[in-house]
Amino acid sequence: MSDLEGLLSGVVESVGGSAREGQIEMAHRVAEALESQGHLLVQAGTGTGKSFGYLVPVLQWAATSGKRAIISTATLALQRQIMLNDAPRVKDVIHKELGTHVEVALLKGWHNYVCLRKATGGYPEEGTLLSRAEGEVGATATGEEVMRAREWAMSTDTGDRDDLVPGVSDRAWAQVSVPKRECIGDKCPVRQSCFPYLAREKADDAQVIVTNHAMLGVAATGFPVLPEAHAYIVDEAHDLADRVTSQLTRMLSKYEIAAVARLMRRSGLDDAGLDDCTDELSELLAELPEGRLTELSQELLDVIARIAGRLQVAGEDIAGLSNLNEEQATAKYILRSRVSELHDLCSDLLGDAVGNDQLVVWKAEYGDGTSALYIAPLDVAHSLADNLFEDQPTILTSATLKIGGSFDAMASRAGLSFPSQGPWEGVDVGSPFTPEKQGVLYIAAHMPIPGKEGYGDEQLQEITELILASDGGALGLFTSRAAAVRAAEYVRERVDLPIFVQGEDQLSTLVASFAGDERACLFGTLSLWQGVDVPGRTCRLVIIDRIPFPRPNDPLTQARTEAVEQAGGSGFMSITATQAALLLAQGAGRLLRRSSDRGVVAVLDPRLKTKRYAGFLLASMPRMWPTVDPMIVREVLQRLAKKD
C-alpha cells in the first residue's frame, strides 16, 4: 500500500468506513496532477467520497512541498462540510503520520463579513428605510433585521454572515457590511478587530484555502482577492462558469447614479449634474424592449457618454474633499470607489467589447416600472485560463462533469481547452451505487409536450397520482416558480399530505421539514435541482416537470448560441442541450444519496423519449432502469411506500 493509500485509509477509517475503489483512483490521479502540474477533470459519482479523494492528496502535497492550494466550492453546505468535518480529519491523520501540521483557512468575499465600523454607525447612512434610527426602533421588518444584525455583530466571533441564524435579507445585510472597494483599510480605527481583515490574515498564513466560485470570479479579473496559489481544486465544478459569470455581471440604472449624487450632496459637493442624467437614462431605457440589446442606439450612447463625463467631473471634485476627520475621509473613500466603478462600467458600454460581442448587454424591467442595463462577459473561459489556471495544476471535480458522455463541454467552459493550457485529462471514477438496481427512470411518454405557457391538467393529474402511489416522499423539481406553486395548489386540494413550497419559508427550513417527514413533499425551482441532500426513504420520488432548457430569450444563452453558430457549430447542442443535460443530471442525482436508497425519477416531458437529442440528454443521467409504462411505475411506488 502506498503512503497516499495509507493516509486515505486512515482518514476514512476515522469516520467508520473503508476507502473505496473510485476514491483510491481519484486520490492517485489528483496526486499525479499536482506533481506534474497537470489539468484534470474527475467525475466522481455520489457516494464516492470525493472530498476525501482530493483533500488527502492535496494536504499531503501541501505538507511535503510547502506550496499553497486553493479549494473552491459552489455551495455553503460543502464549505461547511470541508471546514467542520472533512479537513480536520485529514489534518489529524497527516499530522499523526507525517508529523506536519497543515493550516486550512476559510476565505469568503469581503461583504460576507460584518463590518464593525458600519454596524456601529461609522459609515454614511443611505436611505430612510434602513436608517440607523429605524433599525433601532424596528419600524419595519427590514429595520428589525438590521437591528438584529447589529446586535449580533457585537457578539460574534467570526463575523461570517452564514453564522447569523436566522439570516437576514441582502438589503438588511448591506447595512452592516461593505464591499472590499469601500473598505478604508489601514485608516479604519477598528482595523485590528476587522473580521474580513482577520480572515485574510489567516488565509495568508494557510497552506490550503477554502473559498467559493464567486471569489474565483473576482480573482479571474486580476483583482487580488486571494493569496497567491500553486494549485486550484474546484469542487462542484459543473457550476463554476455560471457562478463566475454571475459574479462578473454589472448593472447600470438610475438608482446607482442617484445614490452617488445624493452622497455627494451630503458631503457638501455639487452633484455634477448626475441627477439630471438619471431622468434621461430612465426615459431612454423605458422605450427599449426588454431583453438582449445587440447594439446600443446613438441616443443611449450619448447619454452614457454624458454620464461618464459627469462622473469624471465628480471624481475631480471628490479628490478635493477634506480628510480632516474620520467621517469625511470615509465619505471620500466610498465616493471615489463608486464613481470609479460606474465610470468603468460606462467606459465598457461605450467601448468595442460590446460591438465585438465580448460583452453581452440587456435590459431588464422591474415591478416598480423602472429599468436597468445589465452587462456580462460572453464567456469566462479566457479569464479563468489566463489569470488563474495557466501554468498551475488544476483539478475540476463533480458528480456531473461528463455531458452527453464527454468531458469536452466542461473543459471548454473552464478554459482548459485553450492551447496555452496544455493537455488535460478526464477520468470517471464511477460510483459505489448501482442506479440500474436502485432506481427507476420513468418517462411519461404519453403526456403532451409542455407548451410556452407550461403544462395542463394532464401533467398535474399525473403528479398527483404519482404522489398518491408513493404516499408522499416526493421532491418536485420545476422549471419555474409559477409551475411549482400551481402544482402545489393542485395537489394540496387532492391529497392529505404535507406539501412544502420553495418561497414559503427559508430554503434550509423547508428542506429540514421535508427530511423530517417521510410523507412530506417539497416543490421548488432551480435551488432544489442542485445541492439538496436528503438520503433515505424521505426522498423516494423525484418529479421533473419538463426538460430544463434555458429560456430562449435569455440574453447570455442567445449570445452564446450565436457565437457557436458563427464558428460553424450547433448552438442548440453546445449551449441549450448541454445546459439542459447538466441540470437533468443534477436533478436526477437528488434521488440516490446512499447505497441503500431506492426510488423513482419521473420526467413528465415526452421529448426525453421522442426527440433526436434525447440520447444526448439521457447519456448524462444516472443509468436507472427505464420505463414509459405508468402502471409499472405506480406499482413500484406503491411497493416503496409499504416498505418497512
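Modeller: A residue is called buried when its relative accessible area is under 20%, exposed when the area is over 50%, and partly exposed in between, using a 1.4 Å probe with protein chains only. We are looking at a predicted model, where local features need pLDDT of at least 70 and side-chain atom pairs count only at pLDDT 80 or more, while totals for chains, interfaces and linings use all residues. Residues are numbered from 1 along each chain as its sequence is written, and side-chain values use heavy atoms, with hydrogens and water left out.

Colleague: Thanks! What makes strand β1 mostly covered?

Modeller: Six of the six residues in β1 (39–44) are buried. His-39, Leu-41 and Gln-43 point one way, Leu-40, Val-42 and Ala-44 point the other way, and both sets are buried. In a regular strand, side chains alternate between the two faces of the sheet. A strand here is a DSSP run of E with at least two residues, and a helix is a run of H or I with at least four, each numbered from the N terminus.

Colleague: How do you know that β1 and β11 pair?

Modeller: Two strands pair if DSSP finds at least two bridges between them. β1 and β11 have six, in the parallel sense, so they meet that rule. Leu-40 has Glu-425 as its bridge partner in β11. β1 also pairs with β10 (394–398), again parallel, over five bridges, and there Val-42 is matched with Thr-397.

Colleague: Which strands are called the edge strands of the open sheet?

Modeller: The sheet runs β6-β9-β8-β7 with antiparallel pairing. Its edges are β6 (250–252) and β7 (291–292), as each of them pairs on one side only. Inside that order, β8 (359–365) and β9 (371–377) share seven bridges, and one of the matches is Val-360 with Ala-376 in β9.

Colleague: Why is the contact between Glu-32 and Arg-29 called a salt bridge?

Modeller: The term needs a side-chain nitrogen of Lys or Arg within 4 Å of a carboxyl oxygen of Asp or Glu. For Glu-32 and Arg-29 the closest N and O atoms are 3.8 Å apart, so the pair qualifies. Both residues sit in helix α2 (21–36), three residues apart, which is about one helical turn. Glu-32, at 47%, is partly exposed. Arg-29, at 19%, falls under the cut-off and counts as buried.

Colleague: What ties together parts that are 185 residues apart in sequence?

Modeller: That is the salt bridge between Asp-235 and Lys-50, at 2.5 Å from N to O. Asp-235 lies in the loop between β5 (231–234) and α11 (240–247), and Lys-50 belongs to helix α3 (50–65), so the contact joins distant parts of the sequence. Both residues are buried. Another salt bridge links Asp-348 and Arg-250 at 2.7 Å, connecting helix α15 (326–350) with strand β6 across 98 residues of sequence. Asp-348 is partly exposed at 28%, and Arg-250 is partly exposed at 25%. Through shared partners, salt bridges also join Arg-29, Glu-32 and Glu-425 into one network. The structure holds 29 salt bridges.

Colleague: What makes the negative surface patch?

Modeller: A patch takes residues with over 30% relative accessible area and no salt bridge, joining like charges within 9 Å (for nonpolar side chains, Val, Leu, Ile, Met, Phe, Trp and Tyr, within 5 Å). The members are Asp-276, Asp-279, Glu-283, Glu-287, Glu-299 and Asp-302. Helix α13 (274–287) gives the most, with four residues, and α14 (298–319) supplies at least two. Asp-276 lies in α13 and, at 52%, counts as exposed.

Colleague: Which residue has a positive phi of about 65° although it is not a glycine?

Modeller: Asp-391 does, in the loop between α17 (381–389) and β10. At 63%, Asp-391 is exposed. Asp-471 has a positive phi too, of about 55°; this residue lies between α20 (457–470) and β13 (474–477), and its 28% makes it partly exposed.

Colleague: Where is the cis peptide bond?

Modeller: The bond runs from Val-165 to Pro-166, with omega near -5°. Pro-166 lies in the loop between α7 (141–153) and α8 (170–173).

Key. Accessible areas come from the Shrake-Rupley method with a 1.4 Å probe; for residues, only the protein chains shown count as cover. Lys and Arg count as positive and Asp and Glu as negative; His and the chain ends are not counted. The place of a charge is taken as NZ of Lys, CZ of Arg, CG of Asp or CD of Glu.
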